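Here are a few exercises to work through with the coordinates open beside you. Try each task before reading its solution.

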Amino acid sequence: MKVSFDLDDTLFVPPDKFKTEKPPCFPFGLIFKERLRLGTKELFHYLRENNIGIWIYTTSFRSEGYIRGLFRCYGLTVDRVINGAVHEKEVQGERREAMPSKYPAKYRIDLHIDDDPSVAQNGKIYGFKVFLVGGQDDEWTEKIKERINHISP
């Protein structure tokens with residue numbers, strides 16, 4: 001099984017509106033300004049313990065190295081990063097018709113976690129599963145685990 005996560009307003013959240021993980025130690029907290037939503041570390045550990053692949057699927061054009069480095073500072077690893085450039089090349093490619101902003105089905109991702117309702121709508125149209133996260137929610141990781149257990153083979 002594979003689960004992918006959006007970054008902005010899904011895993012990377014503003015600390016004035018969300019509870020966040022403790023920032024990385026000096027000097028990494030100065031290099032990596034983004035803050036992880038509280039519960040991300042525990043959720044990633046749960047996924048690893050259950051042999052569930054962890055992917056990042058973002059429209060952001062942050063480099064793969066930057067994204068991997070940020071997660072490493074939190075003691076986390078990801079299996080694959082699909083950023084805006086990779087999506088453009090591998091999903092949109094030479095197609096004349098516009099493809100959705102994210103297309104997890106191309107990568108056989110079983111569940112995509114995002115904050116954007118338009119991604120969930122595209123999931124219905126293009127046949128991929130999306131779990132929407134919203135504002136501050138202390139139960140967001142439990143809800144995702146429940147959804148994974150519901151769709152897990």
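Let's begin with one ring: Phe5 has a relative accessible area of 0% and is therefore buried. Keep in mind throughout that this is a predicted model.

**Exercise 1. Find the ring that pairs with Phe5, and classify the pair.**

Step 1. A search of the whole structure turns up eight aromatic pairs. In one of them, Phe5 partners Phe44, with 5.3 Å from centre to centre and 35° between the planes.

Step 2. Planes under 30 degrees apart would count as stacked and over 60 as edge-to-face. The Phe5–Phe44 pair is tilted.

Step 3. Now place the two rings: Phe5 belongs to strand S1 and Phe44 to helix H2, so the pair ties together parts 39 residues apart in sequence. Phe44 is buried too, with a relative accessible area of 1%.

Step 4. Widen the view a little, and Phe5, Phe12, Phe44 and Phe71 form one aromatic cluster.

**Exercise 2. Repeat the analysis for Trp55 and Tyr107.**

Step 1. The ring centres of Trp55 and Tyr107 are 5.9 Å apart and the planes meet at 55°, so this pair is tilted.

Step 2. Trp55 lies in strand S2, while Tyr107 is in the loop between H4 and S4, so the pair ties together parts that are 52 residues apart in sequence.

Step 3. Check burial: Trp55 has a relative accessible area of 10% and is buried, and Tyr107 is buried at 8%.

Step 4. Look for a charge as well: the charged end of Lys106 sits over the ring of Tyr107, 6.0 Å from its centre. For another such arrangement, turn to Arg37, whose charged end sits over the ring of Trp140 at 5.1 Å from the ring centre.

**Exercise 3. Which residues touch the most other members of the largest nonpolar core, and which elements supply it?**

Step 1. This core has 28 residues, and Phe5, Leu11, Ile56 and Phe71 touch the most other members.

Step 2. Elements that each supply at least two of its residues include strand S1 (2–5), helix H3 (64–73) and helix H6 (140–151). The largest share, four residues, comes from H2.

Step 3. Pick Ile56 and list its contacts, not counting residues up to four places away in sequence: among them are Phe5, Leu11, Ile67, Phe71 and Val78.

Step 4. A second, separate core has seven residues, including Tyr57, Ile82, Val91 and Ile109.

**Exercise 4. Is Lys102 buried or exposed, and what does its side chain make a polar contact with?**

Step 1. Locate Lys102 in the loop between H4 and S4.

Step 2. Its relative accessible area is 4%; buried means under 20%, so Lys102 is buried.

Step 3. The side chain of Lys102 makes a polar contact with the side chain of Asp6 at 3.2 Å. Leaving aside neighbours within four places in sequence, Lys102 is also in contact with residues including Tyr57, His87, His112 and Asp114.

Step 4. For contrast, take Glu88 in helix H4 (residues 84–92). Glu88 is partly exposed, with a relative accessible area of 49%, and its C-alpha is 9.8 Å from that of Lys102.

**Exercise 5. Where does a cis peptide bond occur, and what is the phi of Asn51 and of Arg108?**

Step 1. The cis bond joins Phe26 and Pro27, with omega about 5°. Pro27 lies in the loop between S1 and helix H1 (28–31).

Step 2. Asn51 has a positive phi, near 55°, and Arg108 has a positive phi of about 55°.

Step 3. Asn51 is exposed at 68% relative accessible area, and Arg108 is exposed at 69%.

Conventions. Residues are numbered from 1 along each chain as its sequence is written. This is a predicted model: local features need pLDDT of at least 70, side-chain atom pairs count only at pLDDT 80 or more; totals for chains, interfaces and linings use all residues. Side-chain values use heavy atoms; hydrogens and water are left out. A nonpolar core is a set of buried Ala, Val, Leu, Ile, Met, Phe, Trp, Tyr and Cys residues joined through side-chain atoms within 4.5 Å. Buried means under 20% relative accessible area, exposed over 50%, partly exposed in between (1.4 Å probe, protein chains only). Contact means heavy atoms within 4.5 Å. A polar contact is a pair of N or O atoms within 3.5 Å; within protein, one must be able to donate a hydrogen and the other to accept it, and residues adjacent in sequence count only if both atoms are side-chain atoms. Rings of Phe, Tyr and Trp (its six-membered ring) pair if their centres lie within 6.5 Å; planes under 30 degrees apart count as stacked, over 60 as edge-to-face and the rest as tilted. A charge sits over a ring if NZ of Lys or CZ of Arg is within 6 Å of the ring centre and within 35 degrees of the ring normal.
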